[in-house]
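Here are a few exercises to work through with the structure open beside you. Try each task before reading its solution.

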Amino acid sequence: MRNRSIVRAGLAGILAVIVVGSSTAATGKFGQSQKAGVLRMSIGAEPPSLDAGLATDTTSSSILFNLMDPLIRLGPGPALKPLPGAAASWKVKGATVTLNLRKNVRWWNGKPTTAQDYVYSWLRTLSSALGADYAYQFFGVKGAEAYNSCAGGKDAKGNACDEAALRNAVGIKALNKWTLRITLTSPQPWFIQQLSHTSFLPVYKPAVDQYGNKFTEAGNFMGNGPFKLASWKHDASLALTKNTKWRNAGSVKLKRIEMQIITDGTTAENAFDAGNIDLNTTGVPPSDIPKYKKLAGGSRNGALGPAGKAIQIDPALGTYYYGFNVKNISDVNQRRAMAFAIDRKAIAKYITQTGQVPAKGFTPGGIAGGPTIDKNSFMPASHQTSKAQDFMSKVANPKKDIKLYINNSPAHIKIATAIQAFWKGIGITASIKIQEWKQYLQFLGPPPNSDVDVYRLGWIYDFPDAYNGLVLWTCDSGNNNTNWCNKKYDSLINQATKTPDFDKRVLLYQKAESILTGANGDLPIMPIYWYTFVVYVHKNVHGFLTAPTSQYDFTKVSVS
Amino acid sequence: MVADRRAEFEASLIRTAETRGQEAGAALQRASLLRDAVHRFSRNRAAATAAFAFLVLIGFVFITPMVVSASPYDINFENAYLSPSWAHPFGTDEFGRDLFVRTALGGRVSVEIGFAATIAIMFVGIVYGAISGFAGGWLDNALMRFLDALYGLPYLPFAIITLAIFGTPSFWPMVVALTVASWFTTARVMRGQIITLKENDYVRAAHALGARWYRVLFRHLLPNTLGVIIVFVFLELPGVVLGEAFLSFLGLGISPPKASWGTLAQDGYSSYQSHPYIIIVPSLAIAWLILSAFFIADGLRDALDPRTRSY
Amino acid sequence: MLKFIVRRVVWTVPVILLVILMTFVMMRQIKGNPFQVTERAVPPSIQRNLDRKYHLDKPWYIQYAYYVKGVATFDLGPSLVQRNQTVNDVIKEHFPVSLKLGLFAMIWAVLLGIPLGVFSALKQNSIFDYAAMGFVNSGYALPNFLISTLLIYFFAVKWRGVTGFPTNGFEGWHAWILPALALGHAPMTVFARIVRGSMLETLQQDYIRTAKAKGLRWRRVVGVHVLRNSMIPAVTAAAPLLGFLIAGSFIVEFIFGIPGIGRYFVNSITGRDYSVTMGITVMLSVIIIVANLVVDVLYGYLDPRTRDARA
């Protein structure tokens, strides 16, 4: 009897599971084979939020960029000139920016996107209640920071503040339905380019009012761009479909985009090789990169295509660097020695393997004016042991035991291991301390942690102006964990913000950069390489590229 | 995973304790029982082979690095990813370091962590269980209720949280993390043992003769649990080593240039399509350890409990 | 009997509270800012706003009180990292996936493991026994990640044309087979061993010998008497196994890219998403506690002695 009931229970269980299982099998299965007009791709993470006010990472911003119609689009690199998007034209006079909006930009329900939409959205992002990380993007606007700091009736110092009044004082005004006026705290030459960032996209007020926090779900999301959000299965997949009513819908060739969220490189590689996806943006384990480079023209399951097309490397605006704690490693010659002992070419060739450029200076060569800015920087591409030893010999009291802090991604660990060996060659024993990412960030400071001798970080540019990277090393910067403070450097950076003329500004940047990484520079940081974006793409996918700001523009992509 | 084994084990152990309890008594008989157990163990072919295999592994792990000198700093990109050959029996990794030595070095770390964590688990479990079982009454009740609560803690999440608290994973944080949620069954079994043994006549006799509680506990009760403890050690060891491998695989393992089998496997995972041996070797090493420990535990249990023989 | 059940059920409440407290305290010890995702430092005013929004600026006991109130009303709070989602959303979306995976793995384990164990016991020491136990033992020892990796490599990549298995994800019934195999392999070996062991024991029992001597048909003896009594240890092993399957599926979910709760959990710890971590841990604990409760009740029903020993 008991026996039978066990069996019965078991059978019932199996039956239940099969029923449940087959029901999910019926819904929304992604195509297992390639179809023209449909792009099947992988993305590397679940988008934390598709709320323009809250989206902080590159995955969310890439998706939002295609769901919405940004005010400004950036032209091709390296100049990245601002091109009209939802804004037809603009006028910049000193610290005042006036944007004239196009009249044919419509939300998916047909209503037009007006200047009031932008005012609402931007003030919402600035509000303290939303807790938007990227509110600081707006701090260049007059009154923005004050409004953002007023939380619960009290400001940062604990004094009473009037949120409503502060809100009205923010320099974002709609002059009429189609004109937006922005008053900045000071002239900022890059502000127009900055407007291409996700934070400046609008959100649809009625959706926010009706759905609250859930307005970003697939059925509720309202955008105004070339693609609609057809489905979003959290942590699993997203699907975008073409918005046939977009103002430029005729030029959009893709009908549907199926994005699978694959966080693991090996899994993504398997999917790409097996033909389940045609575009792999998640990446591939470094050890398998040579396979894709070698398989030019060869075909494995037809997934890899003609020469050079299987792997696509686009330059990025970002720098991978090691920062020194100049209080612990106080002799600049030791820092120079450590910088010269490293073989950047070998690191790029053997470890990262995806076309990274050995960094000459901190500012990436791919940014507008980059080569001029880095003209006097002297980070060597291959290691120069004799020069390094020369520098070391000039050091009176070298610090031979170094604590190198990194976070626990495999690539960083490999690079650190290699650098550890390089430094051993000049008599420095580095012990690698690995920390988990979040703890690492908190550990580094501010205020800078005295236990840290060298630390690893990278910087991805928010907007394509060298200022965004150079400002990190000013005395007050919250990202400066080096204890390095140079008044001359600060004044150069300050001056640059007041210089709207591009060429003059580049010269100022050049002077600043040589204080950082020039032959007589202080070298508080040691740049290692400039980032690249690497994706793996099937030969039938055309027109795909990763912009230097890391965004994908699917309006230019087609699948034959 | 090991919890299941314990469920089966618990039942058999309580019987063992009863048997031993009846047979045991004074220290007099213990010597012959031990010798008897050893004799039975060595006759069990599987167990004896396993013991031999275990010792071979331990030998490999500790002796090889002493004989073959290789520094983890020996980076040589030219030699990267060589297939297994005479010069490099297990091939080389991405830095060109010989994997044979790395596996041995990694084994040292894994085995050390394994034993340290096992001993920690034993210690905590025994202390907790012995106190609870011996004291009885309200203290026993309270401790057992608390233990019931702790049983609800899922093992892996808490190990991960513990590691995150320590931040940078190294030897001791790993040991603590592996111990934190694994000692509950040991405590329960020990308590069960002590309770059963407590009822024996010789204990009452000792009490009657005026022996203090600690003498009863340490001289009479605990030694009779020794057999069970030793079996448990070999039963826990695989779980702990596997746990360490899992945590390392998820990226929470020991920092380089030190390695453990788990971190070696994690390194190997990303290149398994082109260089499968990098993940296979440490996995096989782990399997070797687990299998041999398992059969040793089985053999020990059979040696101590005469009832599970073939019919 | 009813009193026993009621007592056990009532006890689960303080147990769950304790689990929450422990998780809460441990999570707060982990350093790291949930709001700093990239290298970019969070400006102070924004940090203030975020802390305020998620009550992180209040003292810990107030936060704890908020949280307990939330749990009581089944509201586990908002996610700190996934800004538009609550923990309830996360659990609702991902837990069924893990549950399905766990159940499938369990089915596989039962379907293959129990018959293996039964027949190995019946044909003890035969070739079948050795082969089966060899397979089982080596399968148990091989780490999960190696098995998953090999399965994907052979069945989903190399032989894809034949099998049609996808390499990742959970869409379509095809996709469940490999992960269930990978995850269910270890429990399968456990079942096989337990069933074999307990069958061997049962077969030794006097009443079996009696039945044999009486001339009853062997099939009937096995099918009715032996099987039924041998299953009890397997049943009791099933409950903690389910706990293992759910909590220990992290690696399989990670490798196969399955959007389950395990993978989400690891991400939430690395992302310092306090509420998600606590929510999932509490939920897993509740499941384990309930599973243990069910087993205890079952055991109490089947074997009256344990009612008094445990209570």
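**Exercise 1. Work out how far to trust chain A, and find where confidence drops.**

Solution. Keep in mind that this is a predicted model. Start with the overall score: chain A averages a pLDDT of 84, and 91% of its residues reach 70 or more. Next, look for the weak stretches. One of them is residues 15-28 of chain A, where pLDDT stays under 50; the model has eleven contacts beyond four places in sequence for that stretch. Another is residues 296-308 of chain A, also with pLDDT under 50 throughout, and here the model has 23 such contacts.

**Exercise 2. Check the span of helix H4 of chain B, then decide how enclosed H4(B) is.**

Solution. H4(B) covers residues 99-135, which is 37 residues. At 1.5 Å a residue you'd expect 54 Å, and the distance from first C-alpha to last is 52 Å, close to that value. Now for burial: 27 of the 37 residues of H4(B) are buried, so the rest of the structure largely encloses this helix. Step just past the end of H4(B) and you meet Gly136(B), with a positive phi of about 65°.

**Exercise 3. Describe how helices H10 and H11 of chain B meet.**

Solution. First, locate them: H10(B) is residues 213-252 and H11(B) is residues 261-269. Their axes come within 7 Å and cross at roughly 40°. Angles under 35 degrees would count as roughly parallel, so H10(B) and H11(B) are oblique to each other. The handedness of their crossing is right-handed. Finally, pick out the contacting residues: H10(B) contributes Glu244(B), Leu247(B) and Phe249(B), among others, while those from H11(B) include Trp261(B), Thr263(B) and Gln266(B).

Terms used: Residues are numbered from 1 along each chain as its sequence is written. Chains are lettered from A and ligands numbered from 1 in the order in which they are written. This is a predicted model: local features need pLDDT of at least 70, side-chain atom pairs count only at pLDDT 80 or more; totals for chains, interfaces and linings use all residues. pLDDT is the predictor's confidence in each residue, from 0 to 100. Two residues are in contact if their C-beta atoms, placed from the backbone, lie within 7 Å. Helices (H or I, at least four residues) and strands (E, at least two) are DSSP runs, numbered from the N terminus. The expected span of a helix is 1.5 Å times one less than its number of residues. A residue is buried if 20 or more other C-beta atoms lie within 10 Å of its own, exposed if 12 or fewer, and partly exposed in between; C-beta atoms are placed from the backbone. Axes are lines fitted to C-alpha atoms, for helices over the stretch in contact, and angles run from 0 to 180 degrees between N-to-C directions. Angles under 35 degrees count as roughly parallel, over 145 as roughly antiparallel, 65 to 115 as roughly perpendicular and the rest as oblique. A crossing is left-handed if the near helix is turned anticlockwise from the far one by less than a right angle, and right-handed if clockwise.
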